[in-house]
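User: I'm new to reading protein models and I'd like to go through one step by step. Can we do it as questions and answers?

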Amino acid sequence: MQIAVVIVAAGRGLRAGGGLPKQWRLLNGQPVLAHTLALFQRDDRIGQIALVTHPDEAQRCGSLPQDKLIHTIGGATRSESVLAGLRALAPHAPSHVLIHDAARPLTPQAVIDGVIAALQTHAGAAPALPVTDALWRGAGDIVTQIVPRDGLLRAQTPQGFAYRAILQAHETATSDAADDVALALRAGIEVAITPGDERNLKLTTAADFIRAAKQLEDTMDIRTGNGFDVHAFGPGQSVWLCGVEVPHSHGLVGHSDADVGMHAVTDAIYGALAAGDIGQHFPPSDPQWKGAASRIFLDHACAMARDQGFTMTHVDCTLICEQPKIGPHAPAMRAAMAAIMGLEETRVSVKATTSERLGFTGRSEGIAAIATATLVKA
């Protein structure tokens, strides 16, 4: 199976408050969409992910993790937006597609697994939960009828289908539908029911965000790592610090480009993963790393974190030196580090201090750096 995903995020729902469409509101420090994307970006079975957004929100997409992502603009209705996502996937010719609501960021892995398993033998599959509460029909504030709940189910997503079948169902649809199962049934596609989960919450109101935040806190794996590095001054006319070349009377001595700040951040990420340090992954005894750009090391640490299902939420680096002056270059350093790590600049801190002329940094013999990285797995 070649599985792709459509994430529908073109709605303008503001009922949850916060002044933003709910998919862009922060949930435990990250946009809801970042949590939703992570469900599928960390799944090796998933190929491309078509993210369908409102045209007014397109510029926000650059702040999201880009792994596997295809961005496209949605339509005036949900069905139009899903069709836009399905068409965006056409060049990749998936055999199956999962269609998921952006506002369901906490879908348990077992729910996704159940849909994919059912697609082995069915053209459609969707998770649901039985209705357990009594159902009434009312007029104003008066109960007018008891509605039998036998056979009634609460629909969830992701809803999965054979790609060509659901694409044709959308392309030939003459009216909108509440979800993709409704269109599939109109087109004669049999849809298997798979187990849903109460934790697969669809965020709609402010109370839902409170519940979701508590749910995340109960299940999140939060890691913090520290990194420390030192490089001595030597011959040269500039130093590399946090991805920026800074003019100076000396260079820094090291087997690679000796970017002491980037090395400290890289080791902080490895530390959060309990994965050793740069020297273990890139031994200085190996000549291929002589003079290497330190972003190679940082890229490797970030990829390792993603492969293990972690999202980096914040990095803080302090450079310790008398010279050169860091302040004028700090914004460029933050931008360079953020670009490498795929973070917003507001989540990257680069600052400096002196050691009050004490020790080797105080004698201007070199530069030290300390860093902290925070990783989260929902």
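Here is a walk through this predicted model, one question at a time.

User: Let's start with the whole chain. How many helices and strands does the chain have?

Analyst: Some scale to begin with: the C-alpha atoms fill a box of roughly 85 × 45 × 35 Å along the principal axes. The chain has 378 residues, and 50% of them count as buried. As for secondary structure, the tally is 11 helices and 19 strands.

User: What share of the contacts with a separation of 6 or more comes from residues 24 or more positions apart?

Analyst: Here we set aside pairs with a separation below 6 and look at the contacts left. Among those, residues 24 or more positions apart account for 70%.

User: Which element gives the largest share of the largest nonpolar core?

Analyst: That core has 48 residues, and Leu241, Val265, Ile269, Leu298, Leu319, Met333 and Met341 have the most contacts inside it. Several elements each supply at least two residues, including strand E14 (238–241), helix H9 (295–307) and strand E19 (366–377). The largest share is eight residues, and it comes from H7.

User: How many residues are in the other core?

Analyst: This one lies apart from the largest core. Its members include Leu37, Leu69, Ala102 and Ala192. The count for this other core is 25 residues.

User: Back to H7: how many of its 13 residues are buried?

Analyst: H7 covers residues 260–272. Its buried residues include Val260, His263, Asp267 and Tyr270. Altogether the helix is mostly covered, and the buried count is 12 of 13.

User: How far apart are the end C-alpha atoms of helix H7, and why does that agree with its 13 residues?

Analyst: The reasoning goes by 1.5 Å a residue, taken one time less than the number of residues. For the 13 residues of H7 that gives an expected span of 18 Å, so the model's value agrees with it. The end C-alpha atoms are apart by 19 Å.

User: What is the phi of alanine 274, just after H7?

Analyst: Alanine 274 lies in the loop between H7 and helix H8 (278–281). It counts as exposed because its relative accessible area is 70%, with the cut-off being over 50%. Its phi is positive, in a residue other than glycine, and the value is near 55 degrees.

User: Is lysine 68 buried, partly exposed or exposed?

Analyst: Lysine 68 sits in the loop between strand E4 (46–53) and strand E5 (69–73), and it has a positive phi near 70 degrees. Buried would need under 20% and exposed over 50%. Its relative accessibility is 23%, so lysine 68 is partly exposed.

User: Which residue does a cis peptide bond join to threonine 157?

Analyst: Look in the loop between strand E10 (153–155) and strand E11 (159–162). Omega for this bond is about 15 degrees. The residue joined to threonine 157 is proline 158.

User: What is omega for the peptide bond from glutamine 323 to proline 324?

Analyst: Proline 324 is in the loop between strand E17 (311–320) and helix H10 (330–341). Leucine 241 touches this proline, along with others including Leu319 and Met333. The peptide bond from glutamine 323 is cis, with omega near -5 degrees.

User: Which side chain of opposite charge is nearest to aspartate 208?

Analyst: Aspartate 208 is in helix H6 (residues 206–219), and it touches Leu201, Lys202 and Leu203, leaving out residues up to four places away in sequence. It is buried yet has no salt bridge. At 5.2 Å away, the nearest side chain of opposite charge is arginine 211.

Terms used:
Residues numbered from 1 in each chain as written. Predicted model: local features only at pLDDT ≥ 70, side-chain atom pairs only at ≥ 80, totals over all residues. Heavy atoms only, no water. Helix = DSSP H or I, 4+ residues; strand = E, 2+ residues; numbered from the N terminus. Buried < 20%, exposed > 50% of the residue type's maximum accessible area, 1.4 Å probe, protein only. Lys, Arg positive; Asp, Glu negative; His and termini not counted. Salt bridge = Lys/Arg side-chain N within 4 Å of Asp/Glu carboxyl O. Contact = heavy atoms within 4.5 Å. Core = buried A, V, L, I, M, F, W, Y, C linked by side-chain atoms within 4.5 Å.
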